[in-house]
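Student: I have a model open and want to learn how its labels are earned. Can we go through them one by one?

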Amino acid sequence: MRILSFILLVALMSGCALNQTTVFEQLGGHSKVNEIVENFVIEIERDPVILAYFEGANIDRFVTKLSEQICQRTGGPCEYTGDTMEQVHAGMNITEADFNRTVDLLINAMNRADVPHTLQNQVLNALAPTRKEMLYL
Ligand code: HEM
């Protein structure tokens with residue numbers, strides 16, 4: 001009986017360990033995050049409304065910092081080294097509609113990178129707290 005309990009305990013613990021796989025790992029790591037961010041930039045370039053916000057922006061820096069941030073927020077081994085979301089987006093007067101429009105572009109970017117929908121939702125959840133850090137500032 002004791003040995004059965006022990007086996008059950010080990011099985012439960014390994015199950016827990018599996019559940020602890022990060023969203024970053026489920027995505028497939030750095031290469032998938034980079035693919036999403038590159039697709040996202042293409043989506044922004046195709047959208048005149050959102051592209052207007054990026055006039056004069058340093059796109060190379062945006063790509064590097066956004067990749068770092070997605071990596072960190074999804075549990076990957078990265079440290080975000082950019083400016084705070086408030087610092088970056090304050091004064092842009094981003095509307096709620098344009099925030100949602102940008103999220104749609106990110107979803108398009110993930111679709112084009114073949115990210116499964118359940119995983120897409122987890123990425124969006126990880127980024128959701130940024131919303132209140134950039135609207136109505
Ligand atoms: C999904 C939520 C968003 C996240 C996680 C996010 C994240 C970031 C990051 C990490 C940077 C680079 C920061 C740095 O350079 O230190 C950035 C820059 C920027 N973001 Fe966002 N952003 C989001 C939504 C938006 C929205 C909705 C807009 C406008 C409609 C926007 C416009 C910009 C612009 C224009 C820059 C470049 C600023 C510059 O280089 O001068 N972002 N964002």
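**Labels and their reasons**

Tutor: Start at the metal. The iron atom of the ligand has a single donor from the protein, the NE2 atom of His-89, 2.1 Å away. Keep in mind that this is a predicted model.

Student: What makes His-89 (NE2) a donor?

Tutor: Set the distance against the cut-off. A donor is an N, O or S atom within 2.8 Å of the metal. His-89 (NE2) lies 2.1 Å from the iron, so the label holds. His-89 itself is found in helix 6.

Student: Which residues lie nearest the centre of the largest pocket?

Tutor: Phe-54, Phe-62, Leu-66, His-89 and Met-134. The lining has 32 residues, and the pocket volume is about 850 Å³. Helices 3, 5, 6, 7 and 8 each supply at least two residues of that lining.

Student: What is the make-up of the lining by class?

Tutor: It has 20 nonpolar, 6 polar and 6 charged residues.

Student: How many helices and strands does the protein have?

Tutor: There are 8 helices and 0 strands. From the N terminus on, the order is α-α-α-α-α-α-α-α. Buried residues make up 35% of the 137 residues.

Student: How do you know that the span of helix 7 agrees with its number of residues?

Tutor: Compare two values. Helix 7 has 17 residues, and at 1.5 Å a residue these should span 24 Å. The end C-alpha atoms of helix 7 are 24 Å apart, so the two agree.

Student: Which residues of helix 7 are buried?

Tutor: Asp-98, Phe-99, Leu-105, Leu-106, Ala-109 and Met-110. Seen down the axis of helix 7, the buried residues fall within an arc of 140°, so they line one face.

Student: Why can residues three or four places apart point the same way?

Tutor: Because an α-helix has 3.6 residues a turn.

Student: Why is Val-103 called partly exposed?

Tutor: Val-103 is in helix 7. Its relative accessible area is 24%. Buried means under 20% and exposed means over 50%. Val-103 falls in between, so it is partly exposed.

Student: Where is Val-103 relative to Leu-127?

Tutor: The two are 24 residues apart in sequence and 9.8 Å apart in space, C-alpha to C-alpha. Leu-127 is one of the buried residues of helix 8, along with Leu-119, Gln-120, Val-123 and Ala-126.

Student: What puts the buried residues of helix 8 on the same side?

Tutor: Their arc does. They cover only 120° around the axis, so they sit on the same side of helix 8. The face turned away from that buried side carries the exposed residues His-117, Thr-118 and Asn-125.

Student: What is notable about phi of Asn-93?

Tutor: Phi of Asn-93 is near 50°, a positive value in a residue other than glycine. Most residues other than glycine have a negative phi. Asn-93 is in the loop between helix 6 and helix 7.

Student: Is Asn-93 buried or exposed?

Tutor: Exposed. The relative accessible area of Asn-93 is 59%, and the cut-off is over 50%, so the label fits.

Student: Why is Asp-114 called exposed?

Tutor: The relative accessible area of Asp-114 is 67%. That value is over 50%, so Asp-114 counts as exposed. Asp-114 lies in the loop between helix 7 and helix 8. Phi of Asp-114 is near 60°, again a positive value in a residue other than glycine.

Methods:
Residues are numbered from 1 along each chain as its sequence is written. This is a predicted model: local features need pLDDT of at least 70, side-chain atom pairs count only at pLDDT 80 or more; totals for chains, interfaces and linings use all residues. Side-chain values use heavy atoms; hydrogens and water are left out. On a 1 Å grid over the protein atoms alone, a cavity is a set of points where a 1.4 Å probe fits but cannot get out, and a pocket is an open set with protein on both sides within 12 Å along at least five of seven lines; lining residues have an atom within 4 Å of a point. Grid points are joined across faces, edges and corners, and a volume is the space filled by probe spheres set on the points. Helices (H or I, at least four residues) and strands (E, at least two) are DSSP runs, numbered from the N terminus. Ala, Val, Leu, Ile, Met, Phe, Trp, Tyr, Cys and Pro count as nonpolar, Asp, Glu, Lys and Arg as charged, and the others, Gly among them, as polar. Donors are N, O and S atoms within 2.8 Å of the metal (3.2 Å for Na, K and Ca); water is not among the atoms, so sites may look incomplete. The expected span of a helix is 1.5 Å times one less than its number of residues. Buried means under 20% relative accessible area, exposed over 50%, partly exposed in between (1.4 Å probe, protein chains only). The arc is that of the directions from the helix axis to the C-beta atoms.
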